[in-house]
Amino acid sequence: MRDLPRFTVSWVLLGVIAAAVAGCATGSNSLTNATEFDTLVPGWQSKFALEWNSEPAQDGTSRLYGRVASHFGQYASPFRVLGMAVDSSGKVIGQRIEWVQGGVPGFSQVSFKIDHLVAAASYRVTVWDYTFIEARGAEQ
């Protein structure tokens, strides 16, 4: 009988923790907040620059196309870019990650395109991720 209050308190405490965790998990959508993740490699801007434009596609979606310029002397492959469709309030309403075919050679430029983005008021493109290869022959 003496263990009954301790047992009850343990279950109540467990319930409070579960409610707090569930509240935090459903409180907001992390993909559309102002603090959303738009890259896996912070600081990519010191090594690469992006120029891009958008155009409507025949299927009613949008296409982003442009160039990645490397300001760094190492070959980056694999290399991916993130395209985001943004509504008039600044909320991300669609996104796609695409490979930059062939990677990005050091001190060079290559083209990319991101197809099938939802039509939106504006768009953003960032470098999603990349890996530097020390020697081109090391790529498998």
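**Contacts, sheets and salt bridges in a predicted model**

Leaving aside neighbours within four places in sequence, Thr 39 is in contact with Trp 44, Val 127 and Trp 128. The structure described here is a predicted model. Thr 39 sits in the loop between α1 and β1. Its side chain reaches the backbone oxygen of Val 127 at 2.6 Å. A polar atom of the Thr 39 side chain also lies 3.0 Å from the backbone nitrogen of Val 41. Thr 39 has a relative accessible area of 13%, so this residue counts as buried, the cut-off being under 20%.

A second threonine, Thr 126, lies in strand β6. With a relative accessible area of 7%, Thr 126 is buried. Residues up to four places away in sequence are again not counted in its contacts. Thr 126 then touches Asp 38, Trp 44, Leu 50, Val 81, Leu 82 and Met 84. Trp 44 therefore appears among the contacts of Thr 39 and among those of Thr 126, two residues that are both buried.

Confidence varies along the chain. The protein chain averages a pLDDT of 83. A score of at least 70 is reached by 71% of the residues. Among the elements, strand β2 (residues 62-70) has the highest mean pLDDT, 98. Helix α1 (residues 3-26) has the lowest, 53. Over residues 23-35 the pLDDT is below 50. That stretch has seven contacts in the model beyond near neighbours in sequence.

The strands are considered next. Strands of a sheet pair through backbone hydrogen bonds, either parallel or antiparallel. One open sheet has three strands in the order β1-β2-β5, and the pairing is antiparallel. Its edge strands are β1 and β5, each pairing on one side only. From one strand to the next, the twist averages 20°. Nine bridges join β1 to β2. One bridge partner pair consists of Leu 50 and Val 68, the latter in β2. β1 and β2 form a hairpin, with five residues between them. In the turn, Gly 60 has a positive phi of about 90°. On the other side of the sheet order, seven bridges join β2 to strand β5 (residues 109-117). Here Ser 62 stands opposite Leu 117 in β5.

Another open sheet of three strands has the order β4-β3-β6, also with antiparallel pairing. β4 (92-99) and β6 (122-133) are the edge strands, and each pairs on one side only. The twist averages 20° from one strand to the next. Strand β3 (residues 75-86) and β6 run antiparallel and are joined by ten bridges. Ala 85 stands opposite Tyr 123 in β6.

Charged side chains were then examined. A search of the whole structure finds five salt bridges. In one of them, the side chains of Asp 129 and Arg 80 meet at 2.7 Å, N to O. This pair links distant parts of the chain. Asp 129 belongs to strand β6 and Arg 80 to strand β3, and the two are 49 residues apart. Asp 129 counts as buried because its relative accessibility is 17%, and buried means under 20%.

Arg 63 and Glu 55 form another salt bridge, with their side chains meeting at 3.0 Å, N to O. Arg 63 has a relative accessible area of 26% and is therefore partly exposed. Glu 55, at 30% relative accessibility, likewise counts as partly exposed. A further salt bridge brings together the side chains of Glu 98 and Arg 96, at 3.0 Å, N to O. Arg 96 has 31% relative accessibility, so this residue counts as partly exposed. Salt bridges that share partners also join Glu 55, Arg 63, Lys 113 and Asp 115 into one network.

Conventions. Residues are numbered from 1 along each chain as its sequence is written. This is a predicted model: local features need pLDDT of at least 70, side-chain atom pairs count only at pLDDT 80 or more; totals for chains, interfaces and linings use all residues. Side-chain values use heavy atoms; hydrogens and water are left out. Two strands pair if DSSP finds at least two bridges between them. Helices (H or I, at least four residues) and strands (E, at least two) are DSSP runs, numbered from the N terminus. Axes are lines fitted to C-alpha atoms, for helices over the stretch in contact, and angles run from 0 to 180 degrees between N-to-C directions. pLDDT is the predictor's confidence in each residue, from 0 to 100. Contact means heavy atoms within 4.5 Å. Buried means under 20% relative accessible area, exposed over 50%, partly exposed in between (1.4 Å probe, protein chains only). A polar contact is a pair of N or O atoms within 3.5 Å; within protein, one must be able to donate a hydrogen and the other to accept it, and residues adjacent in sequence count only if both atoms are side-chain atoms. A salt bridge is a side-chain nitrogen of Lys or Arg within 4 Å of a carboxyl oxygen of Asp or Glu.
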